Amino acid sequence: MRERARRLWCYLRQPRSDPVIAAVLAVLCLTELLVSSDGSGVALGAVEVLLLCAPLLVLRTHPVAGTCVAAVLMLVVRRVDGFPNFAGDLVVCALAYSCGAHASLRDGCLAVAALIVSMQVGMGFSDFPNIEIAFATVGPFWVGYEVRLRTPVVTRLARRTRELHDEHEAFAQLSVRRERARIARELHDIVAHHLAV
């Protein structure tokens, strides 16, 4: 089970998994839209869900551009009644995380700020400030940024671990050779002594 989870995590860290992530989140959004709506405006909502999930296709390659496109779409999409709140927030979390993990700090902060502003405008200012916007954007952005900072450290530690393992193997082989040479010398001495006797 642990090996399967590790393989899944390794797959999700690759850029080729972006379409899979986009498809899964689009299915979640569409499912929530179908369950929560009364039947009117489902087609328009489905189109808006697909438009909102489209920037997820470039999570790693163009995170700032994708987030800015999503921010512009949020102004329109969040105004639709029955739009999936939970799954839509997962899309926002994925975009904010991507900005933290794959963009420069300045560009990522600007893109997430644009996302925050567009979400606040889309929700309206009756409950200003909306704390849930910060939970959906700033938290994942910070986690992505920390992951990006830790990735080189983990890579260096993994490389050093391999080097230490290789050194340990070389030391073990050298020790075996020295022990064989010592045994061969002792056997030579014993045989020479018996022949001399």
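User: Taking a disulfide as a pair of cysteine sulfur atoms within 2.5 Å, how many disulfides does the structure hold?

Analyst: Happy to help! This is a predicted model, in which local features need pLDDT of at least 70 and side-chain atom pairs count only at pLDDT 80 or more, while totals for chains, interfaces and linings use all residues. Residues are numbered from 1 along each chain as its sequence is written, and side-chain values use heavy atoms, with hydrogens and water left out. The number of disulfides in the structure is 0.

User: Which cysteine sulfur is nearest to that of Cys68?

Analyst: Cys68 takes part in no disulfide, and its relative accessible area of 33% makes Cys68 partly exposed (20% to 50%; buried is under 20%, exposed over 50%, with a 1.4 Å probe and protein chains only). Cys93 is partly exposed too, at 24% relative accessibility. For Cys68, the nearest cysteine sulfur lies 7.3 Å away and belongs to Cys99.

User: Which residues have the most contacts inside the largest nonpolar core?

Analyst: A nonpolar core joins buried Ala, Val, Leu, Ile, Met, Phe, Trp, Tyr and Cys residues through side-chain atoms within 4.5 Å. The largest one has 22 residues. Two or more of its residues come from each of helices H2 (18-36), H3 (42-53), H4 (63-77), H5 (85-102), H6 (105-123) and H7 (131-196), a helix being a DSSP run (H or I) of at least four residues, numbered from the N terminus. Those with the most contacts inside this core are Cys53, Leu56 and Val91.

User: How many residues does the second, separate core have?

Analyst: Ala96 and Cys99 belong to this second core. Ala111 and Phe141 are also among its members. Its number of residues is 5.

User: Which residues does Leu56 touch, not counting those up to four places away in sequence?

Analyst: Contact means heavy atoms within 4.5 Å. Leu56 reaches Asp18, Ala22 and Leu25 in this way. The rest of its list is Val91, Ala94 and Leu95, so with the 4.5 Å cut-off the full set is Asp18, Ala22, Leu25, Val91, Ala94 and Leu95.

User: How far apart in space are Ala46 and Thr31, C-alpha to C-alpha?

Analyst: Ala46 sits in helix H3, and beyond its neighbours within four places in sequence it is in contact with Leu30 and Leu33. Along the sequence, Ala46 and Thr31 are 15 residues apart. From C-alpha to C-alpha, their separation in space is 9.7 Å.

User: Is Ser118 buried or exposed?

Analyst: Ser118 has its place in helix H6. Leaving out residues up to four places away in sequence, Ser118 touches Ala71, Met74 and Leu75. With a relative accessible area of 4%, Ser118 is buried.

How values were computed
Disulfide = S-S within 2.5 Å.
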